[in-house]
Amino acid sequence: MSLLDVKQISHTYKTNSMFKPHHERTVLNNISFSIDEGSCFAILGSSGAGKSTIGKIILGIEKPTQGSVQFMGHDLYTIDKKLKHQLRRDLQVVFQDSYSSVNPRMTAEQIIAEPLKNYEKLSATEQKRSIIELLEHVGLSKNDLMKYPHEFSGGQLQRINIARALSLKPKLIVLDEPVSSLDMVNQTLILELLNNLKKELGLTYFFITHDIKAAHMLADQLGILEKGQLVEVFNNPSEFFTSVHPVVHQLRSAILAEHPSSRTIRSNKRP
Amino acid sequence: MQAIYVLVIILAMLPLLLQFRTPFEETKTESKPFSLKLVKENFLSAPNKQSLIQASTVMLTGAFVFGALNTSLPLYLVTEEIGAPVVYLLLQSIIVVASRYLFRKYILSDGKWHTNFMLIILSASIIGTSLLLFVTQVPWLLYVSAIFNGLVSAIVIGLVIGTIAGYIGGWFDYTLMRICDTVMAFPNLLLVIGLVGMSGPGLTQVVTALILVQWVYYARIFRGMVISLKAENYITAAQISGSSSWKIMKKHIVPNILPPLVVMGTLEMGWAIMNISSMSFLGLGVQAPTPEWGAMILEGKSFVRSNPELMLYPGLCIMLVVIIFNLLGESLSEHFGVKRRF
Amino acid sequence: MPAAKPVLEVNQLSVRTKTKTLIHPLEFTLQKGEILGLVGESGSGKTVTSMAIFQLLHKESMVIDGSIRLNGQELNGLPEKQMKTIRGKDIAFIMQNPMNAFTPVYTIGNQFVETIRAHIACSKKEALELATEALANVNLPHPKTLLSLYPFQLSGGMLQRVMIAFAACLHPKVIIADEPTTALDVHNQLQVLRHLEHIRATYGTSILLISHDLGVISEMADYVAVMQNGHLVEQANVFDLFDSPQHAYTKQLLDARPTLHMTPSTREVSYESS
């Protein structure tokens, strides 16, 4: 049995306005896939394709218009509150914008402590020790405990978000474009961190991104989302480069050159 | 009455107890010899708005101290010389300039006061004057304290109700907003007059009426802030961390609303003082011969042709205190980076 | 580099505040029709440099030393009145986030016309025609309809292309593009870059392309300048930079890229009409 089973999810937004006719917008259309424990399922799609919506649906915070989400054998949207609260600790998230994901008035320690306080009954010293361990695990140190979000860079803050997500030792982490707002150097560093953590702790990821290179680094399975539909699912990510599907073809051609000699917009001849 | 002093002292001590998170060692210590140039640089330099905090804080302190030292001083100003207010203001300016120099150690490199220091000054001045008044039993500050406490109560009630309404939403929100609409449909001064008329005149009655009428405005404002705050990612992150609604409201929503609250409090204080004075002027609040400016204006009304200064000076005093609170509020809003939406 | 007179010449440019030096003295030149890529992490000073060239830094708190010459004319210290005529007409700016670049309460056409009429004396009708032409020139579909829309009705990618059309319509000598593709997805990224190249090829505009994405630099730049902590650490021809980086930081940047090792055959390009 797979860890996460998404069955025929469709999601429509309705606008209820007094002045305009009722308008429906289908964001997701009949999406189905499943994720096994310990693997990373990457969803690749352009903006507006519905990536963030599917992330929220999987997290259990937005009920889909149709379809079901089975997490660890339970249907997320039909179970009672108590069970959902219990399952919640195994389903965590890292959002795209590191700054808006943290309360600007809380120190790093308080931010990471929040999930721990909700689920574990640790003494103050035990809690602090766990937090320091987590910080070191993500590449920060105990000197960062008392710092506020504005004292960190985007990359460091994202590490704190990852530490918070890891604090309850969850089974599945939804990564919603975790590196898209960082610069190139930090992107690679954070992706490497995520990869190492996955191998070390046996985590399962649902990785939402628009960057094929990032997806390639982490993914065991690759899904292509276009206009709300899952047009292709590759069980081997390298199939992405040989697929003849028109959407995939388009995505491939949009990848920028890695060296000027293979560039296409301008002349690739040396002057 | 003593209880009000105690309440004010306790409230003023809170910033002291909560604020020691950045140690003083971090401030830059400069010891330059005294020179007029230095004074000019410090007092007139940008960001000059910061000096308003000090100016208003010190002025308030001075006003309270002056009021405390001599109950009859306001009366003296009113009945005797024109020059006295001028001297008063001059003294205040000297205190401001001097403090900016004397305490230059606590000014950070970008011209701002070290937050802790500022709060300490504010707290110390409030505590000091309250203690002084407590000892001397002078009633003048009583009224300002009472007004202050009334305002704080109204804001707190508005905060609690507005936050719950904004966060929970649904029928609770809907019902509450209809109640607010109903109360707001009446001009608030009229409503206060009506309530005081029913209960009889007196300071307690006026302040109670103030609380009952004002909380709806604050509830509306806070509800709006909470709704826009709800959309922030960290609220979702907190929900995913398993925090209950109460916990989120307590730890995430309210602390982020506090800076606008503080700013609003200081600005609304001016309004509250004017309201109370208006009530006293109408004879519904404090009764003569207790030294309250509104009541003084009422008395002076009969002599407006022969001694117009009897009405003018209390009016000027009210204006002065209101301006000071406004300055304080504006500079606090600059300091906290709060945009004024109210 | 040919011995022709450079369009933009920056010499010993430095920017300091009272407490910090934001940019240490640096220099570079931009020839006609050339693209200079400015690379660096966030906080390296890229945006401050472009703001300095544009003379949009806060003069009271920042000291800008050095010379910035546009076709021989010195820009540093130029009175604001004259600088206003140069901005938009001789040098144009493209921002990172197209959503924030437009006023939400006016239509695109309205803002376009306002910009044009600020620099050229012409009637509203003439300005509108110019705007329509500018949009059509870069293959944006239905220019007339586009102009009547409000910014929120367009996607980020479209807005960015409109902004580029804005920037280019008065045929400026230099366009400074500050991270023009960072907020966009891969499709739009490619469109925007092609758009910039089209402008460069048609009007001979020089472009200062600021980006932290080495892919963008790789595709577009003739020359590259690398910035780190306010210092310009390396400057070279793009091929030389990628093949044999000299400075340790450049090497670090190049090594940090995730690569797919794609050969030209796996990168098939389909030319779309819009």
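**Helix packing in chain B, with notes on chains A and C**

B:Ala165 sits in helix H7 of chain B, the helix that covers residues 140-168. The model is a predicted one, and this alanine makes a handy way into chain B. Is B:Ala165 buried or exposed? With 24 other C-beta atoms within 10 Å, B:Ala165 is buried, since the cut-off for that label is 20 or more. Setting aside residues up to four places away in sequence, B:Ala165 touches B:Phe172, B:Asp173, B:Leu176 and B:Met177, and also B:Ala219 and B:Arg223. B:Asn275 is another matter: it lies 110 residues from B:Ala165 along the chain, and the two C-alpha atoms are separated by 28 Å.

Stepping back to the whole of chain B, the secondary structure comes to 14 helices and 0 strands. Read along the sequence, the pattern is simply α-α-α-α-α-α-α-α-α-α-α-α-α-α. Of the 342 residues in chain B, 38% count as buried. Among contacts in chain B with a separation of 6 or more, 77% join residues 24 or more positions apart.

Two of the helix pairs in chain B share a partner, H9(B), which spans residues 188-199. Packed helices of this kind are described by the angle between their axes and the distance between the axes. Take H10(B) to begin with, a helix running over residues 203-230. The axes of H9(B) and H10(B) come within 9 Å and cross at roughly 135°. That angle makes H9(B) oblique to H10(B), because it falls outside the ranges for roughly parallel, roughly antiparallel and roughly perpendicular. The crossing of H9(B) over H10(B) is right-handed. On the H9(B) side, the contact is made by B:Asn188, B:Leu191, B:Val192, B:Leu195, B:Val196 and B:Ser199. H10(B) answers with B:Gln205, B:Val206, B:Ala209, B:Leu210, B:Leu212 and B:Val213. By class, the residues of this contact divide into 9 nonpolar, 3 polar and no charged.

The other partner is H12(B), covering residues 245-281. Here H9(B) packs at an angle of about 50°, with the axes 11 Å apart. That makes H9(B) oblique to H12(B), and the crossing is right-handed. Which residues make the contact between H9(B) and H12(B)? H9(B) supplies B:Leu189, B:Val192 and B:Val196, while H12(B) supplies B:Asn275, B:Ser278 and B:Met279. The split for this contact is 4 nonpolar, 2 polar and no charged. B:Val192 and B:Val196 turn up in the contact with H12(B) and again in the contact with H10(B). B:Asn275, part of the H12(B) side here, is the residue whose C-alpha atom was placed 28 Å from that of B:Ala165.

Chain A is built from both kinds of element, with 8 helices and 10 strands. Its C-alpha atoms fill a box of roughly 60 × 55 × 45 Å along the principal axes. For 271 residues, a compact globule would have a radius of gyration near 18 Å, and the 20 Å of chain A agrees with that. Some 42% of the 271 residues of chain A count as buried. Residues 24 or more positions apart make up 67% of the contacts in chain A with a separation of 6 or more.

Chain A also touches chain C, in a contact that takes 33 residues from chain A and 37 residues from chain C. On the chain A side, helices H6 (184-201), H7 (212-218) and H8 (246-253) each supply at least two residues. Which element gives the most to that side? H8(A) does, with 5 residues. The side of chain A that touches chain C has 14 nonpolar, 12 polar and 7 charged residues.

Two asparagines round off the picture through their backbone angles. A:Asn30, though not a glycine, has a positive phi of about 55°. A:Asn30 lies in strand S2 of chain A, residues 23-35, and counts as partly exposed with 14 C-beta neighbours inside 10 Å. In chain C, C:Asn71 likewise has a positive phi, here about 50°, without being a glycine. Where is C:Asn71 placed? C:Asn71 is in the loop between strand S4 (63-70) and strand S5 (73-74) of chain C. With 13 C-beta neighbours inside 10 Å, C:Asn71 counts as partly exposed.

Terms used:
Residues numbered from 1 in each chain as written. Chains lettered and ligands numbered in written order. Predicted model: local features only at pLDDT ≥ 70, side-chain atom pairs only at ≥ 80, totals over all residues. Helix = DSSP H or I, 4+ residues; strand = E, 2+ residues; numbered from the N terminus. Rg over C-alpha atoms; globule rule 2.2 N^0.38 Å. Buried ≥ 20, exposed ≤ 12 C-beta atoms within 10 Å, placed from the backbone. Contact = placed C-beta atoms within 7 Å. Axes fitted to C-alpha atoms, helices over the stretch in contact; angles between N-to-C directions. Parallel < 35°, antiparallel > 145°, perpendicular 65-115°, else oblique. Left-handed = near helix turned anticlockwise from the far one by under 90°. Nonpolar A, V, L, I, M, F, W, Y, C, P; charged D, E, K, R; others polar.
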